[in-house]
Amino acid sequence: MTVANAEILRLLADSDRRNEGFALLVEAYTEPLYWHLRRMVVVHEEAEDALQEVWIKIFASLDDYRGDGDALRAWCYRIATNAAIDRLRRRCRWRFVTIDNLGRELAGLVTYEESESSESVEVKFQRAILSLPAKQRLVFNLRYYDELTYDEISRVTGISESSCKTNYHYAQLRVKELMTR
Amino acid sequence: MKEFDFENVGKRMPYSVPEGFFEGAKRRAGEIAASSQSGVHCRFSPIFSRVAIAAAVVLALCGAAWWTVDYNSLERRHERLLADISTDLLMELVSEYDPTADESEYY
């Protein structure tokens, strides 16, 4: 991915091949970013809308990107995370709930979409994650599903690497506890 | 009780997407770049939006002026209607109205 990111950046820096670079970026990150958004907002339509907003924002911000290939992934995830949080905050505002409490409400929306079952381990797992405090939930998802490094998670969330590790550790413990009940 | 093992679920999730969704999403994202490349549209869009705003203001002013004129003509129409009613009919209508009466009588 690092080599691909370097190639993407090289194309983006070339004004004649910028769209080609953007196409590669879209190809590489559409699915990962969608699933990251989906894990945060749960509802497919919300994730779909958020994803389009993310690409618009990324394209508009390409000139502002100052990092190297290694930081590109974190940069994209940061934009996606902020888009998801904005959506959740808007929902919180008119429902007078916090993002932490909203997570529990979102957990109620999780069902197994391939079948009628609402008791599958996948459903229970997602509900457990959604019941975590917002920060732990975010760090857990980025580490567990997206396998971002703690340095990348720190860039995405704005919290220190050591805090990221702590959050992930406690998130794992809490999820294990909920899944064992 | 047996401790939960993350291997039991791995990265599986209970979510699905409609068939062809990702292809469509990538295509829509690609359109963002393509639409920015149509330089004519981008170069003139600030001018276009200003013209549109100006046109909307002019239309609003015209609409307000028309409504004022129309309201005045409405008043003149009421005056004409009153002038067309015969004096006898008008007196009959006025005499039937008793301002001191209890309104519940009328309902």
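Start by selecting A:Tyr65 and A:Trp75, both of which are buried. The model is a predicted one. Show the two side chains as sticks and look at the rings: they form a tilted aromatic pair, with 4.8 Å from centre to centre and 55° between the planes. A:Tyr65 sits in the loop between α3 (44–61) and α4 (69–95) of chain A, while A:Trp75 belongs to helix α4, so the pair ties together parts that are ten residues apart in sequence.

Next, select A:Phe140 and A:Tyr144. Their ring centres are 5.0 Å apart and their planes meet at 10°, so this pair is stacked. Both residues belong to helix α7 (residues 134–144) of chain A, where they are four residues apart, or about one turn of the helix. A:Phe140 and A:Tyr144 are both buried.

Now widen the selection around this pair. A:Phe140 and A:Tyr144 are part of a cluster linked by ring pairs, which also takes in A:Phe125, A:Tyr145, A:Tyr150 and A:Tyr168 from chain A, together with B:Phe4 and B:Phe6 from chain B. Over all chains, the structure holds 19 aromatic pairs. Keep A:Tyr150 on screen and add A:Arg143, which lies over the face of the A:Tyr150 ring at 4.3 Å from the ring centre.

From the cluster, follow A:Phe125 into its helix. A:Phe125 is one of the buried residues of α6 in chain A; the others are A:Glu122, A:Val123, A:Gln126, A:Ala128, A:Ile129 and A:Leu130. Select residues 121–130 to see the whole of helix α6, which is mostly covered, with seven of its ten residues buried.

Go back to the cluster and pick B:Phe6, this time to look at the contact between the chains. B:Phe6, B:Pro14 and B:Tyr15 are the residues of chain B that lose the most area to chain A, and together they make up 25% of what that side buries. Select the full contact next: 39 residues of chain A and 26 residues of chain B take part. Between them the two chains bury about 3100 Å², and carbon and sulfur atoms carry 68% of that area.

The next stop is the cysteines. Which cysteine sulfur is nearest to that of A:Cys76? The nearest belongs to A:Cys164, 18 Å away, and A:Cys76 is in no disulfide. Seen from the other end, the sulfur of A:Cys164 has A:Cys76 as its closest cysteine partner at 18 Å, which is too far for a bond. A disulfide is a covalent bond between the sulfur atoms of two cysteines. A search of the whole structure finds zero disulfides over all chains. A:Cys76 has 0% relative accessibility and therefore counts as buried. A:Cys164 also counts as buried, because its relative accessibility is 0%.

Finally, hide the side chains and display chain A as a cartoon. Chain A contains nine helices and zero strands. Of its 181 residues, 49% count as buried. Among the contacts in chain A with a separation of 6 or more, 58% are between residues 24 or more positions apart. Switch to a surface view to end the tour: the accessible surface of chain A comes to about 8800 Å², and 49% of it belongs to carbon and sulfur atoms.

Definitions and conventions: Residues numbered from 1 in each chain as written. Chains lettered and ligands numbered in written order. Predicted model: local features only at pLDDT ≥ 70, side-chain atom pairs only at ≥ 80, totals over all residues. Heavy atoms only, no water. Helix = DSSP H or I, 4+ residues; strand = E, 2+ residues; numbered from the N terminus. Buried < 20%, exposed > 50% of the residue type's maximum accessible area, 1.4 Å probe, protein only. Contact = heavy atoms within 4.5 Å. Areas by Shrake-Rupley, 256 points an atom, 1.4 Å probe, with all protein chains shown as cover. Phe/Tyr/Trp six-rings, centres within 6.5 Å; stacked < 30°, edge-to-face > 60°. Lys NZ or Arg CZ within 6 Å of the ring centre and 35° of its normal. Disulfide = S-S within 2.5 Å. Buried area = accessible area lost by both parts, 1.4 Å probe.
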